[in-house]
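Open the model in your viewer and keep the selection tool at hand. The stops below go one selection at a time.

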Amino acid sequence: MRVTHVITRLIVGGAQENTIASVLGLRGKGALVVNLISGPTTGLEGSLEPLIADIPDLLTRVPELVRPVNPWKDCLAFRQLTAAFRATAPDIVHTHSGKAGFLGRLAAARAAVPIIVHTIHGPSFGPFYGPIANTAFRAAERFAARFTTHFVVVCDAMREQYLAGGVGHPEQYTKILSGFELEPFLAASNDRDARARMGLGPDDIVIGKIARLSRLKGHEALITVAPALARSCPRIKFIFVGDGELRAKFEHRARVAGLEKHFVFTGLVPPAAVAQLIGLMDMVVHLSAREGLARALPQALAAGKPVVAYDSDGAKEVCLEGETGFLIKPGDLASLSSRVLSLANDPGLRARLGNRGRDFVRERFGVAHMVDALYALYTRLARNAGLANGAIENPAA
């Protein structure tokens, strides 16, 4: 069986890491021939392309498949995707992200691909957009749903939001958690030498934030409460892992507040380095206004670190109140400060929540679980579509 995944770009991000892990894992299933199509990867977010660039017959780039709305390029990308699907005749096209999800599904339908799957990694519409854009994006998702065989969601919240928005039907949805390699996070340690190299003392309380330095990610809230937190607990330090267009602004705010020594901006780091950085943290704070289920949350828990998160989208499905961390209402800065301080001042609480989180994630988020679930879904959809049973078992069929 031939499967083609399509994504808009391969920046350093959760949806992109999920897609690459899925493609590589599925290629290990002898019954599948799997490839990936992506648009160009540009910007401060970095690129995951080097992880797969040397694998033969895996990645095809479509230069016109770009994230911004561009009618001319969008038409060209649609035509190129349609031509690619007609030439390779995949049994399944599996799309990811907004632009590739829309154009890829329409092109797959035009090319008469039997099975079209779309993963919802995060919301494409919602209150974070203006009313006109929100209406347009919701309408686009409803239209694309007409050509979608099945949806994969990374959390229950995405299914609920899309069904409430009139996208698809309940029986079209399957939840498959975004798995990752657990071992580096389970083995992450609070290495004193590594801390020292980053200007962190052995007794500092390190609060981590792992996200692109861009709007809707919630860095502003943490910077706003940072002065009060530092006054209450002078040992508090903040690590912002990631890069983006707002880095200079955040660094300026830290300087103006006189907190240069309390902030560490790592800049862009490769995914393989994230586990070591989480090992140096005492807790991870996640304050995004728009996220499906941020990988930073289960990754932090896998490393035994408690989390504090806005109750947004799928966060509550891993940030279990009083068990693995604390959920707070978006924008509630008083509760944010209170919860962070309670963890900063209570190492026993940090250990209890972190240990519970590690057990919770170990049972659910292994990358093998994700790949096996996708494979099982493909098998079921192939049978429902009337494809020969041998097609999933014999790539030559």
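Which residue stands opposite Val284 in E11? Select Gly208: this is the residue that stands opposite Val284.

Before moving on, note that this is a predicted model, in which local features need pLDDT of at least 70, side-chain atom pairs count only at pLDDT 80 or more, and totals for chains, interfaces and linings use all residues. Residues are numbered from 1 along each chain as its sequence is written, and side-chain values use heavy atoms, with hydrogens and water left out.

**Stop 1: strand E11**

Select residues 283-286, which form strand E11. Helices (H or I, at least four residues) and strands (E, at least two) are DSSP runs, numbered from the N terminus. In a regular strand the side chains alternate between the two faces of the sheet. Met283 and Val285 lie on one side of E11, Val284 and His286 on the other, and all are buried (under 20% relative accessible area; exposed is over 50%, partly exposed in between; 1.4 Å probe, protein chains only).

**Stop 2: the partners of E11**

Add E8, which runs parallel to E11 and is joined to it by two bridges. Strands pair if DSSP finds at least two bridges between them. Next add E12: three bridges join E11 to E12, also in parallel. Val284 has Val307 as its bridge partner in E12. Now show H11 as well, since E11, H11 and E12 make a right-handed β-α-β unit. With the strands pointing away from the viewer, right-handed means that the path from the first strand over the helix to the second runs clockwise.

**Stop 3: the largest nonpolar core**

A nonpolar core is a set of buried Ala, Val, Leu, Ile, Met, Phe, Trp, Tyr and Cys residues joined through side-chain atoms within 4.5 Å. Select Met281, Val361 and Phe365, which touch the most other members of the largest core, a set of 45 residues. Elements that each supply at least two residues include strand E9 (236-241) and helix H13 (347-362). H11 gives the most, with five residues.

Centre on Met281. Beyond its neighbours within four places in sequence, Met281 is in contact (heavy atoms within 4.5 Å) with Val206, Gly208, Ile210, Ile239, Val241 and Lys305.

A second, separate core has 34 residues, among them Tyr310, Ile328, Ala344 and Leu349.

**Stop 4: two cysteines**

How many disulfides does a search of the whole structure find? It finds zero, a disulfide being a pair of cysteine sulfur atoms within 2.5 Å. Select Cys155: its sulfur is 14 Å from the closest cysteine sulfur, in Cys319, so the two are too far apart for a bond. Cys155 is buried, with a relative accessible area of 0%. Cys319 is buried, with a relative accessible area of 0%.
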